[in-house]
Amino acid sequence: MIIVMKAGAAKKDKEEVLKRIRELGYKPHVIHGATRDVIGAVGDERGKLVLHSLESMHGVESVVPILQPYKLASKEVKKESSVIPVSETLSIGGREIVVMAGPCSVESGEQIIETALAVKEAGAQILRGGAFKPRTSPYSFQGLEEEGLKLLARAREVSGLPFVTEVVNPETAELVAEYADILQIGARNAQNFALLKKVGQLKRPVLLKRGMSMTIQEFLMSAEYVMSEGNQSVILCERGIRTFETATRNTLDLSAIPVLKEKTHLPVVADPSHGTGNYHYVAAMAFAAVAAGADGLMIEVHPDPEHASSDGPQSLKPKKFAMMMEKMRLFAEAAGRTL
Ligand code: PEP
Ligand code: MN
């Protein structure tokens, strides 16, 4: 249910409402709007009608049901787009297109620092790199783990770029959060509910990738898992889904971008690297994603893709990445955005 407070309702009234929601066995989430606050009361759907009794409380304008199964992620609760701060000077979801770029995996200090400086020079605002890698095969490179996090922190120091890196299990989530600016949940873990709940309790923005066989509704339900634990800073990432097509690694579902933009206030970014699996197609799909309304992009860049430990075939060399970024400015401008 959404409890819409009157414009200018007293703090005391709001506190009384929050208390009453808890007494009724629901979890309140305050969403601050430009003119008034609304409170999302989430919990057992079956008994929710008791919440209608809040309508008679001081400061309450109305109590309305949230029709979608995802509540806090829904536009019903918050009409304005969420702008998620990443650092003091950078946020995702505003007018600026935010580009996260870097290697699939952190391999060495030299590799990650060289890449960080190159992507920064080309205009990327965030560094990416996997330290814990969720590989399909147990025999593939699993990542440098904590050593990788340390190298990412070093690259951040040298380049000034915040970084995003993946969390693969609840046990190591806090460790990753000590280092990272954004916690990535990968496609293979997009319905790992224990992990989603865990990152929902941490104080870091979460980049949630779409699972490869997830519907858009399931994707939003996963975002809801994070948000219902108290972390409202979720960034959705379309990274391609499984279809019958084999010419590309996945099928980048660009139509998911306008659909998500209609259904949720959360920012949406696209990952054309995993979406196509082939560096030849990355730039075209990156431009298309910006045209479709994406708030940002995640792009794999490696100084020596032929020798990369993972995802070399889809990684751009720094020079190609810089060329793509140059052209991207035109697409960003045409979409009414900046880069
Ligand atoms: C990655 O970002 O390197 C990654 C493993 O992505 P995904 O979870 O989308 O496959
Ligand atoms: Mn990868």
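**Exercise 1.** In which kind of crossing, left-handed or right-handed, does α9 pass α10? Work with the predicted model shown above, and describe how the two helices pack.

*Solution.* Begin with the geometry: helix α9 (residues 279-291) and helix α10 (residues 318-334) pack at an angle of about 20 degrees, and their axes are 9 Å apart. Because angles under 35 degrees count as roughly parallel, α9 is roughly parallel to α10. As for the handedness, α9 passes α10 in a right-handed crossing. Next, look at the residues that meet: from α9 these are Tyr279, Val282, Ala283, Ala286, Phe287 and Val290, and from α10 they are Lys320, Met324, Lys327, Met328, Phe331 and Ala332. Sorted by character, the residues of this contact comprise 10 nonpolar, no polar and two charged.

**Exercise 2.** Which residues coordinate the manganese ion (ligand 2)? Find where Cys104 and Asp311 lie.

*Solution.* The ion is coordinated by Cys104 through SG, His274 through NE2, Glu300 through OE and Asp311 through OD, at 2.0 to 2.4 Å. Cysteine 104 lies in the loop between β7 (98-102) and α2 (109-122), while aspartate 311 lies in the loop between β14 (296-300) and α10, so this pair ties together parts that are 207 residues apart in sequence. Cysteine 104 counts as buried, because its relative accessibility is 2%, and aspartate 311, at 17%, also counts as buried, since the cut-off is under 20%.

**Exercise 3.** Which residues of helix α5 (residues 193-200) are buried, and what covers them?

*Solution.* The buried residues are Leu195, Leu196, Lys198, Val199 and Gly200. The elements that cover them include α4 (170-179), β10 (182-185), β11 (206-209) and α6 (216-228).

Terms used
Residues numbered from 1 in each chain as written. Chains lettered and ligands numbered in written order. Predicted model: local features only at pLDDT ≥ 70, side-chain atom pairs only at ≥ 80, totals over all residues. Heavy atoms only, no water. Buried < 20%, exposed > 50% of the residue type's maximum accessible area, 1.4 Å probe, protein only. Helix = DSSP H or I, 4+ residues; strand = E, 2+ residues; numbered from the N terminus. Contact = heavy atoms within 4.5 Å. Axes fitted to C-alpha atoms, helices over the stretch in contact; angles between N-to-C directions. Parallel < 35°, antiparallel > 145°, perpendicular 65-115°, else oblique. Left-handed = near helix turned anticlockwise from the far one by under 90°. Nonpolar A, V, L, I, M, F, W, Y, C, P; charged D, E, K, R; others polar. Donors = N, O, S within 2.8 Å, 3.2 Å for Na, K, Ca; no water.
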